[in-house]
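Biologist: Got a minute to go through this one with me? I'd like to talk about charges and annotated sites.

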Amino acid sequence: MGSLAAGNGAAGHASNGGGVADHALALEINGAGAGNGHKMGVVERAAPVLQANGGGKIKKKVSPMDKYWVAADDGEMEAATADGGEDGRRPLLFRNFKVKGILLHPYRLLSLIRLVAIIMFFVWRVRHPHADGMWLWWISMVGDLWFGVTWLLNQIAKLSPVKRVPDLALLKQQFDLPDGNSNLPVIDVFINTVDPINEPMIYTMNSILSILAVDYPVDKHACYFSDDGGSIIHFDGLLETAKFAALWVPFCRKHSIEPRAPESYFSVKARPYTGNAPEDFADDHTHISREYDEFKERLDALFTVVPKRGYNHADSKEGAKATWMADGTQWPGTWIEPAENHKKGQHDGIVQVMLKHPGHEPELGLPASTSNPLDFSAVDARLPMLVYISREKRPGCDHQKKAGAMNVQLRISALLTNAPFIINFDCDHYVNNSKAFRAGICFMLDRREGDNTAFVQFPQRFDDVDPTDRYCNHNRVFFDATLLGLNGIQGPSFVGTGCMFRRFALYGTDPPRWRSDDVKIVDSSKKFGSSLSFMSSILPSANQEHSIMSPPALEESVMADLADVMTCSYEDGTEWGKEVGWVYNIATEDVVTGFRLHRNGWRSMYCRMEPDAFAGTAPINLTERLYQILRWSGGSLEMFFSPYCPLLAGGRLHPMQRIAYANMTAYPVSSIFLLFYLLFPVIWIFRGQFYIQKPFPTYVLYLVIVIVMTELIGVIEIKWAGLTLLDWIRNEQFYIVGATAVYPTAVLHMVLKLFGFKGVSFKLTAKQVASSTSDKFAELYAVQWAPLLIPTMVVIAVNVCAIGASIGKAIVGGWSLMQMADAGLGLLFNAWILVLIYPFALGMIGRWSKKPYVLFIMFIIAFIVIAMLDIAIQAMRSGFVRFHFKSSGGASFPTSWGL
Ligand SMILES: O=c1ccn([C@@H]2O[C@H](COP(=O)(O)OP(=O)(O)O[C@H]3O[C@H](CO)[C@@H](O)[C@H](O)[C@H]3O)[C@@H](O)[C@H]2O)c(=O)[nH]1
Ligand SMILES: [Mn+2]
């Protein structure tokens with residue numbers, strides 16, 4: 001059983017957390033101090049620069065993301081305006097756009113042509129079995145069939161892309177009341193972290209600051225911070241953050257700051273001022289910037305202060321090496337020097353309200369004074385509720401990583417604020433556009449599909465990626481093409497972070513579309529566990545109009561309930577992790593959780609906005625990146641071979657969505673064939689023979705058609721998705737890098753698991769360390785050795801050798817025209833592979849890759865050395881060297897060359 005840190009104390013305040021709660025209170029009093037009766041409300045600011053906003057007045061330059069899209073719901077809009085308001089029906093809160101015909105029709109046509117071409121190609125190949133290399137022929141036939149099918153699965157999901165743009169102006173008009181109050185529904189925000197070092201605390205705390213400062217009614221959202229490490233550094237860090245938020249949040253409101261994560265805000269150079277107090281801005285900015293620096297120093301200092309605190313405690317019992325909280329009590333979580341019940345994977349559950357729910361009346365801040373030069377007397381200084389959670393950990397109990405943490409957050413928040421909507425963030429993602437929560441709500445409350453929408457996914461964007469995005473961290477093709485394609489079917493998949501959920505949907509319920517009558521929670525303790533308080537929160541959470549957040553007072557009974565739902569054993573024998581909450585026992589809980597919702601008939605929405613809703617940091621070191629995609633691809637395969645296999649889903653899953661999920665889960669298998677193709681040139685090195693289907697010209701013709709179609713389809717996709725050519729090339733390149741370095745291991749992992757072994761164990765993605773050096777991309781150049789790198793290195797070596805060997809053979813001579821044609825195609829193939837794997841090769845040369853020509857020189861040297869070796873070997877074989885350059889004169893043309 002877990003005990004609660006805050007639960008062992010006297011009424012309301014915990015003995016070990018008392019200082020904390022008082023502290024939070026102090027903050028509020030501080031904020032409320034100047035309340036002088038006149039209700040100014042939240043300072044409102046000018047309309048956001050949201051180019052996607054339907055109601056925008058100023059004509060702006062069309063972004064490449066919007067250029068080829070046309071509204072597809074004019075009729076609906078008119079009808080809605082006609083019957084608007086009278087019957088209390090909700091308005092249309094977003095607009096639908098589809099790709100203009102000028103791109104869409106050729107896109108579909110080319111896809112069709114390519115499909116026909118590959119079918120004809122395949123038939124032709126079946127009719128022309130390659131007699132002198134049947135085994136090769138067979139393998140390449142199966143491989144090509146697989147590639148054809150996966151290409152089709154991938155393309156089908158993109159044939160009808162839809163973009164949806166929230167109408168923030170209308171939402172404001174409909175839900176924000178003239179008196180400064182609002183009817184917007186309440187939202188619970190979840191953020192997760194594990195380790196203050198691997199996941200630098202400064203980013204985590206920035207993320208929290210950005211959440212506390214969002215442009216959403218302050219009494220209608222609460223932030224839950226889950227610390228899976230049970231680390232006092234996080235706890236104290238969160239305290240510091242709450243303290244700094246009392247300055248930062250009113251500052252953001254007063255001056256309409258964007259983005260509201262200080263680290264990003266201060267790193268952006270000049271921006272046009274859009275706030276209401278330009279005369280104060282320069283001074284306020286200087287002051288807050290200094291405060292922020294001090295805040296960062298305090299966070300850093302925790303790593304030295306906290307351990308010291310431990311040994312200074314004179315009153316510690318006979319030398320017990322505990323970790324102490326600032327108020328002199330023992331920290332209930334993990335200790336710096338691990339001890340029984342205070343170590344990783346073994347400690348009590350902790351829940352602590354750091355900032356209390358602020359109440360419903362605006363509270364103006366303090367005017368400027370000598371101690372505080374910031375004048376907040378016209379700004380609402382309230383802060384949203386903030387809760388620290390560290391769930392109970394016990395040895396021998398599977399904690400189910402992030403999914404487990406999310407489910408605990410789901411239950412704790414149900415007992416405290418029970419918002420009908422939830423947004424979740426990883427600790428490396430922050431709110432970049434303070435209107436983002438409002439955008440999500442537009443989709444949830446829209447009268448057309450709103451009620452059937454289980455989640456609204458926002459794209460993942462990254463700040464720290466190098467300008468050329470060497471390792472394709474931006475994943476643009478996925479976020480700007482694939483997900484818009486899915487948006488036109490049943491909706492985007494859930495990608496783990498930056499997603500708004502309908503709480504009720506997460507409880508494994510059916511959407512209204514598939515619900516016969518009112519929901520009854522039958523036999524719920526079997527499904528939801530034994531907490532009566534939790535059970536009685538379920539039905540109220542379905543009320544999406546729920547716009548008043550009123551957390552219960554933290555009496556002992558409430559604390560006991562909270563303690564109960566965060567124990568390890570709470571979920572035993574229940575549906576948690578299966579039909580309820582985030583799904584367990586899989587390396588990628590995200591895709592499968594989204595899938596379960598789609599399978600139940602819910603839909604999802606994709607929301608791209610400008611500026612980007614959320615942003616984060618990505619692993620930009622090659623090895624970390626490869627481990628990340630290893631987990632994704634391993635997780636995908638696990639899903640395919642689990643009860644969540646898309647092929648097994650019932651009829652509520654849209655057929656196209658099923659195809660998309662099949663592709664999304666089975667894709668790593670391609671790597672087996674691909675690896676084979678890429679290692680093909682081995683034969684070329686040893687036998688001087690390149691395997692090519694004959695008759696040669698027909699083969700080449702088909703190949704050219706298929707490749708040209710692929711490129712043309714790609715070019716059109718670039719246009720409608722608003723990508724650059726580089727984004728697209730990076731995608732192709734990283735696919736090959738992944739397919740050689742990572743996917744084969746993922747397949748191995750799956751095979752092991754299918755045979756009952758443990759499989760590969762996946763690790764937490766180490767985030768970029770906050771760099772103090774001037775070299776912003778130092779990580780990019782770090783070479784970190786890992787076995788995953790071997791297969792791709794072998795592929796590079798084989799292809800470099802093949803090119804070298806062919807040069808050697810060409811010099812020695814004696815080729816027929818036929819052989820030369822083979823050689824030409826072979827070389828092209830080798831060179832193409834090297835182009836695709838180029839980013840990987842750069843990664844392997846570390847800091848030298850700052851000057852990419854170094855790599856070219858290395859390649860050329862390698863070619864020469866191998867060519868010479870090849871010549872030497874040939875010379876040894878035949879006894880003498882015949883240097884001559886044979887002209888094509890002597891070659892004879894085989895008759896079968898005709899088409
Ligand atoms: O035991 C754990 C392990 C992880 N996390 C948190 O889970 C998040 C994601 O983990 P991370 O290692 O950062 O994974 P990434 O590879 O960066 O994440 C991508 O892939 C994951 C698995 O598919 C998704 O969950 C993420 O949302 C998605 O961004 C982080 O905030 C972690 O702190 C926990 O809370 N508890
Ligand atoms: Mn991450």
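Modeller: Sure, let's start with E297: its relative accessibility is 55%, so it counts as exposed. Keep in mind that this is a predicted model.

Biologist: Where does E297 sit?

Modeller: E297 belongs to helix α9, which covers residues 278-312.

Biologist: And which residues form the negative surface patch with E297?

Modeller: The patch is made up of D293, E294, E297 and D300.

Biologist: What about positive charge, which residues gather in a patch on the surface?

Modeller: Those are K61, K67, K100 and K719. One of them, K100, lies in the loop that runs between β2 (94-99) and α3 (101-127).

Biologist: Is K100 buried, exposed or partly exposed?

Modeller: Partly exposed, because its relative accessibility comes out at 32%. The cut-offs are under 20% for buried and over 50% for exposed, so 32% falls in between.

Biologist: OK, salt bridges. How many does the structure hold?

Modeller: There are 37 salt bridges. One of them pairs D73 with R448, with 3.4 Å between the closest N and O atoms. That pair connects distant parts of the chain, 375 residues apart: D73 is in the loop between β1 (69-71) and α2 (74-82), while R448 is in the loop between α11 (436-445) and β12 (453-457).

Biologist: How covered are the two partners, D73 first: buried or exposed?

Modeller: D73 is buried, as its relative accessible area is 1%. R448 has a relative accessible area of 21%, so that one is partly exposed.

Biologist: Which residues are linked with D73 and R448 in a network of salt bridges?

Modeller: The network links D73 and R448 with D74, E76, R95 and D446.

Biologist: Back to helix α9 for a second. Which salt bridge has a partner there?

Modeller: K254 and D284, whose side chains meet at 2.9 Å, N to O. D284 is the partner in helix α9 and K254 lies in helix α7, so the bridge ties together parts that are 30 residues apart in sequence. Both residues are buried.

Biologist: Why would side chains like that pair up at all?

Modeller: Side chains of opposite charge can pair when their charged atoms come close.

Biologist: Fair. What does E571 form a salt bridge with?

Modeller: E571 bridges to R411, and their closest N and O atoms are 2.7 Å apart. The two are 160 residues apart in the chain, with E571 in the loop between α16 (556-565) and α17 (589-599) and R411 in helix α10 (residues 401-416). Both E571 and R411 are buried.

Biologist: New topic: which residues does UniProt list for "active site"?

Modeller: The unreviewed UniProt entry lists D228 and D590. D228 sits in the loop between β5 (221-227) and α7 (232-255).

Biologist: And is D228 buried or exposed?

Modeller: D228 counts as buried, because its relative accessibility is 12%.

Biologist: Last one. Which residues does UniProt give as "transmembrane region"?

Modeller: The unreviewed entry has 102-123, 135-154, 666-687, 699-722, 734-752, 785-808, 820-841 and 853-873.

Biologist: What do residues 853-873 look like in the model?

Modeller: That span is 100% helix and 0% strand, and its end C-alpha atoms lie 30 Å apart. For residues 785-808 the values are 83% helix and 0% strand, with the end C-alpha atoms 33 Å apart.

Terms used: Residues are numbered from 1 along each chain as its sequence is written. Chains are lettered from A and ligands numbered from 1 in the order in which they are written. This is a predicted model: local features need pLDDT of at least 70, side-chain atom pairs count only at pLDDT 80 or more; totals for chains, interfaces and linings use all residues. Side-chain values use heavy atoms; hydrogens and water are left out. Patches are made of residues with over 30% relative accessible area and no salt bridge: like charges are joined within 9 Å, nonpolar side chains (Val, Leu, Ile, Met, Phe, Trp, Tyr) within 5 Å. Accessible areas come from the Shrake-Rupley method with a 1.4 Å probe; for residues, only the protein chains shown count as cover. A salt bridge is a side-chain nitrogen of Lys or Arg within 4 Å of a carboxyl oxygen of Asp or Glu. Lys and Arg count as positive and Asp and Glu as negative; His and the chain ends are not counted. The place of a charge is taken as NZ of Lys, CZ of Arg, CG of Asp or CD of Glu. Helices (H or I, at least four residues) and strands (E, at least two) are DSSP runs, numbered from the N terminus. Buried means under 20% relative accessible area, exposed over 50%, partly exposed in between (1.4 Å probe, protein chains only). UniProt positions are given in the numbering used here, feature names are shortened, and annotations may be inferred rather than shown by experiment.
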